[in-house]
Amino acid sequence: MNKELRILLLEDVSTDAELIKRELQKGDFLFILKQVKTEEAFEKALEEFIPDIILADYKLPLFDGISALRIAQKGHPDIPFIFVSGYRGEELAVETLKNGARDYILKDNLSRLVPSIRLILNEQEEQKKRKQAEEELQNSKRQVETILQTIVNGIVVYDNEGKLIYTNENGTKLLGFSSREELSKISSINSIWEKTCERFEIKDELGNPFLFDQLPGNRVLRGEANPEATICFKDKGMNKVHWVLVKSRPIVDAQGKVQMIVTVISDITEQKEQEKLKDEFIITASHELKTPVTSLKAFTQFLEKLIDKNQNKEYKHYIAKIDKQSDKLIKLTNDLLDLSKIQAGKIEFHKECFDPNKWIRDIAEDMQTLTNGHRIMVKGKIIRDVYGDKDRLSQVVMNLLSNAIKYSPEAKKIVVKLSENKEKAMIAVQDFGIGIEEQYQDKIFNRFFRINHNNEKTFPGLGMGLYISHQIIKRHSGQIWVESLKNKGSTFYFTIPFKTGS
Ligand code: ADP
């Protein structure tokens, strides 16, 4: 301790005061000692000297220690008060301690004085630290609370038994409650859900009822690490809709057991409305495009037949070009339409059993007409019939083959392989082209994702084909993936489960 300790000594006997002073000098602290003998001087010293510690005799001629203790306790309860007395007696000591003194030291045992002061000072230091820590803690709590209250997201925290621990103001609103007080009357997440169901029709993105079990918080309890869900709330009374994105994360204890669940709710109503407008626009635009493109195609074919008769080679060449471009436009409008249907959850499947071998060979033959540079080879065989929507699955194979053609401009062959195991048929399309770096191999199945080939040849496309293919395969309960090496080529695989019982 660097600061001088200010000690107020209430003692009328000078020799005793001297002894006490000498004893204090043995301590490892600097001090200033002020000695007083009367009540008046004692009170004045309390106000002016402002001691850190008080040492007092028990009996003085005109004053007494107990009264001094009372005075000190009243005005300065934090200043430690120690009796240094010649009066023996346990009862006396106990009585003074009860009244608030910190110690009772006998004058013939003064060696206890310094350790007692040290102990008191240490305790004071600890208490100060605890108080400071508490204040920091309180400050950061206030800061976190302010942050949580001002962010636009809703925050809901509950424990592993569903007991509600915290919600911020926006969380309260997004759950459909008017105030935190109203929500605080409901203590568990289950009852909040019940209340919410009374007011809202709750649906998922495809329009199916959204169930309590599907809540990301409940998925966290079942072991999922980062679950999220997009949920639509339709107000039963007001016919109003709001959309939220819900993400939940666990807070685990040292053993890894989930203690609490933090759920963040974002209002995505506006975003959803924009998406809906955009999807509707794409549907309308692609319908509008489809009509003229279809007649363009029909007239081109008509012209082609006429020119065939006249044997004009140059005309024929240009007409073939127009025909090819119309095919591209048709494919584009169809892709756009499919994409909107997928987004709106309106894509329909007409499944049937069919022989995959002839099917694949027919597609390969058709696609062969689109490339002069490559030879498309089909290898392998699938014995059992597959079960699925033939047109939609053809779309997948055609997408993979046209990508294989497009992204392997220097290669001479493309290989389609058919194989099967007990549960499923597998079809692979292998090219020997530009390949795909590992970091992109998952991303290419995302909507509109295209690899930016810096400095390389640019390839036309909109990044829809693999997304649509992925969605089609998913709806057949199959899988689609790619294995690829940059500059060596890619193999796209997809599987379709056989119909059980077939
Ligand atoms: P598009 O070809 O119209 O851009 P896709 O969805 O079919 O859209 O493909 C997404 C992206 O994946 C492509 O832009 C391309 O970068 C990459 N890709 C797809 N197939 C291949 C392939 N066979 N070889 C190399 N890259 C490919």
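**Exercise 1. Place Leu 332 in this predicted model: which helix holds Leu 332, and is Leu 332 buried, partly exposed or exposed?**

Step 1. Find the element: Leu 332 belongs to helix H11, which spans residues 313–343.

Step 2. Look up the relative accessible area, which is 33% for Leu 332.

Step 3. Compare with the cut-offs: buried means under 20% and exposed means over 50%. Leu 332 has 33%, so Leu 332 is partly exposed.

**Exercise 2. Which residues form a nonpolar patch on the surface with Leu 332?**

Step 1. Look for the partners: they are Leu 296, Leu 329 and Leu 462.

Step 2. Take the patch as a whole: together with Leu 332, these residues have about 310 Å² of accessible area.

**Exercise 3. Now turn to the ligand. How many residues surround the ligand, and which polar atoms lie by its oxygen atoms?**

Step 1. Start with the shell: 20 residues surround the ligand, and Asn 403, Tyr 407, Asp 431, Arg 450 and Leu 466 are the closest.

Step 2. Sort the shell by class: ten residues are nonpolar, seven are polar and three are charged.

Step 3. Check the side chain of Asn 403: one of its N or O atoms is 2.8 Å from an oxygen atom of the ligand.

Step 4. Go on to the backbone: a N or O atom of Ile 451 lies 3.3 Å from a ligand oxygen, and a polar backbone atom of Gly 463 is 3.3 Å from a ligand oxygen.

Step 5. Add the cover: on its own the ligand has 530 Å² of accessible area, and the protein covers 97% of this.

Step 6. Finish with the elements: helix H13 (390–406), helix H14 (465–474) and strand E18 (489–497) each give two or more residues to the shell.

Methods. Residues numbered from 1 in each chain as written. Predicted model: local features only at pLDDT ≥ 70, side-chain atom pairs only at ≥ 80, totals over all residues. Heavy atoms only, no water. Near = heavy atom within 4 Å. Polar contact = N/O pair within 3.5 Å; in protein donor to acceptor, adjacent residues only side chain to side chain. Areas by Shrake-Rupley, 256 points an atom, 1.4 Å probe, with all protein chains shown as cover. Helix = DSSP H or I, 4+ residues; strand = E, 2+ residues; numbered from the N terminus. Nonpolar A, V, L, I, M, F, W, Y, C, P; charged D, E, K, R; others polar. Patch = residues over 30% accessible without salt bridge, like charges linked within 9 Å, V, L, I, M, F, W, Y side chains within 5 Å. Salt bridge = Lys/Arg side-chain N within 4 Å of Asp/Glu carboxyl O. Buried < 20%, exposed > 50% of the residue type's maximum accessible area, 1.4 Å probe, protein only.
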